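Student: Could you take a close look at one part of this protein, the place where the record puts its binding site annotations? Please go slowly, since I have only just started reading structures.

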Amino acid sequence: MFKTCDRIWTNANLATFDGDIDQPYGALSNQAIGVRSGRIVAIAPMDRFDSGALSADVVDARGGWMTPGLVDAHSHLVFAGSRAQEFEQRLLGASYEEIARSGGGIISTVRATRGASVDELVELSEPRLLALLKEGVTSVEIKSGYGLSLEGELNMLRAARQLGERHPVRVSTSLLAAHALPPEYSDNADAYIDLICNDIIPAAVAEGLADAVDVFCETIAFSPAQCERVFQAAKAHGLGIRAHVEQLSNLHGAALAARYGAWSVDHLEWLDEDGVEAMAQAGTVATLLPGAFYFLRDTRVPPIQLLRKHGVGMAVATDLNPGSSPLASLRLAMNMACTLFRLTPEEALAGVTRFGARALGLAGEAGQLKVGMQADMLLWDIEHPAELSYQFGVNPIRQRIVAGEVKNV
């Protein structure tokens, strides 16, 4: 089975996250793993590996650990402007409302993003993407949501697509036009939803810019009824469903999104058991965002025990954005998920591999070391996979592999 491989890694310990392997991390020790044409085609113990008559490149992993490539399943990394001054103002006592009234808040990011060209958005966003890639990210979700107009939203998605073309990473895009109400629609939210459903979604689909839609279902954003209209339009155009829900209150947005077969629902601090049950029935992933929880100094933790009880998969992501989670480190998000939300290191690593992929509709493509999957993999100089959640700031990656090719940043 290895004789037709393009490249083979030997003497590797694998954290496969293959659900058919009844071991923590789906672990397999002392393995050979082979790839061909960008996909995993062979996995076998070293005592079954025959090195004779091979034409493949062979890499000796020397007992290192290999994991699936990391998946950051929730980011807003394309934007212009900075909110660092607002961070300082809040620490000096200014309220969010006071900052917003003075022209700050999300509208300041919207103003800066609308004023930037696609090329400028790419240039501004590239360092944030490279920071993620250096830590082992091979798949990343990038949202729009700071344009809040037809051209502004499309430009953000165009920049996201260009980033994916320029760098060795799979970029999944989400159209988050229903993120906030733009100033020009301040008195007519339903008319803005009309624009999203009738103009922005069709235009994004026509240009191949969006893989899914996302919404912010919250008292300060959009109502469940308005979000449902976006879901209906997305379904009509063949897009996946994602949603920011139950972050600040419980509007039962998780259950609503689950009824539409959502890939994931995100934040979830106010999620109740009815919502968890709806997610379990639909196979919807819970995407946890400890960076926002930390940065906003929140105190209400998502219902981790309920999610475990009902077998809901938990993804972990950075929520990289300028206002509430300026965090370009998925490894730090993993540590925060353990320390703040009490996930185990195995759950955290599953959250940025197997369940991160599921949150992006990529369950058959990424997030596991398994025959048939795309060969997005990482080779780490670690003694145990728990180290990846335990320590951050030190990068033990030996090789970053995308579609079977070594693509170190």
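Tutor: A word on the annotations comes first: UniProt positions are given here in the numbering used for this chain, the feature names are shortened, and an annotation may be inferred rather than shown by experiment. The model itself is predicted.

With that in mind, an unreviewed UniProt entry places the feature "binding site" at His 74, His 76, His 244 and Asp 319. These positions span 246 residues in sequence, yet no two of their C-alpha atoms are more than 12.4 Å apart, so they gather at one spot.

Take His 74 from this group. His 74 is in the loop that runs between strand 6 (70-72) and helix 1 (84-91). The relative accessible area of His 74 is 0%, and the cut-off for buried is under 20%, so His 74 counts as buried. What surrounds this residue? Setting aside neighbours within four places in sequence, His 74 is in contact with Glu 141, Lys 143, His 244, Asp 266, Thr 287, Leu 289, Ala 317, Thr 318, Asp 319 and Leu 320. Two names in that list, His 244 and Asp 319, also appear in the annotation.

Now turn to Asp 319. Its loop lies between strand 13 (314-316) and helix 12 (330-341). Asp 319 has a relative accessible area of 2%, so it too is buried. Beyond neighbours within four places in sequence, Asp 319 is in contact with His 74, Ser 75, His 76, His 267, Leu 289, Ala 292, Ser 324 and Ser 325. Leu 289 is therefore in contact with His 74 as well as with Asp 319.

The unreviewed entry also gives the feature "binding site" at Arg 83, Tyr 146, His 179, Gln 247 and Ser 324. Ser 324 has already come up, as a contact of Asp 319. Tyr 146 sits in the loop between strand 7 (137-143) and helix 5 (150-166). With a relative accessibility of 3%, Tyr 146 is classed as buried.

Gln 247 is placed in a loop as well, between strand 10 (240-245) and helix 8 (253-259). Its relative accessibility is 9%, so Gln 247 also counts as buried. Leaving out neighbours within four places in sequence, Gln 247 is in contact with Phe 216, Glu 218, His 267, Leu 268, Glu 269, Trp 270, Leu 296 and Asp 298. His 267 is thus a link between two of the lists: Gln 247 is in contact with this histidine, and so is Asp 319.

Helix 8 leads on to helix 9 (residues 273-282). In helix 9, Gly 275, Val 276 and Met 279 are buried. These residues cover an arc of only 100° around the axis, which puts them on the same side of helix 9. Asp 274 and Gln 281, on the other side of helix 9, are exposed. The cover over the buried residues of helix 9 includes helix 8, strand 11 (264-267), strand 12 (285-288) and helix 11 (304-309).

For the setting, step back to the whole protein. It has 15 helices and 16 strands. Its radius of gyration is 21 Å, close to the 22 Å that the globule rule gives for 409 residues, so the protein is as compact as a globular protein of that length. Along the principal axes, its C-alpha atoms fill a box of roughly 70 × 45 × 45 Å. Of the 409 residues, 57% count as buried. Among contacts between residues at least 6 apart in sequence, 72% join residues at least 24 apart. The contact of His 74 with Asp 319 is one example of residues far apart in number that meet in the fold.

A last contrast helps. Ala 225 is found in helix 7 (residues 224-236). Its relative accessible area of 52% is over the 50% cut-off, so Ala 225 is exposed. Ala 225 and Ile 40 are 185 residues apart along the chain, and their C-alpha atoms are separated by 44 Å. Set that beside the annotated group that starts with His 74, where no two C-alpha atoms are more than 12.4 Å apart.

Key:
Residues are numbered from 1 along each chain as its sequence is written. This is a predicted model: local features need pLDDT of at least 70, side-chain atom pairs count only at pLDDT 80 or more; totals for chains, interfaces and linings use all residues. Side-chain values use heavy atoms; hydrogens and water are left out. Helices (H or I, at least four residues) and strands (E, at least two) are DSSP runs, numbered from the N terminus. Buried means under 20% relative accessible area, exposed over 50%, partly exposed in between (1.4 Å probe, protein chains only). Contact means heavy atoms within 4.5 Å. The radius of gyration is taken over C-alpha atoms; the globule rule is 2.2 Å times the number of residues to the power 0.38. The arc is that of the directions from the helix axis to the C-beta atoms.
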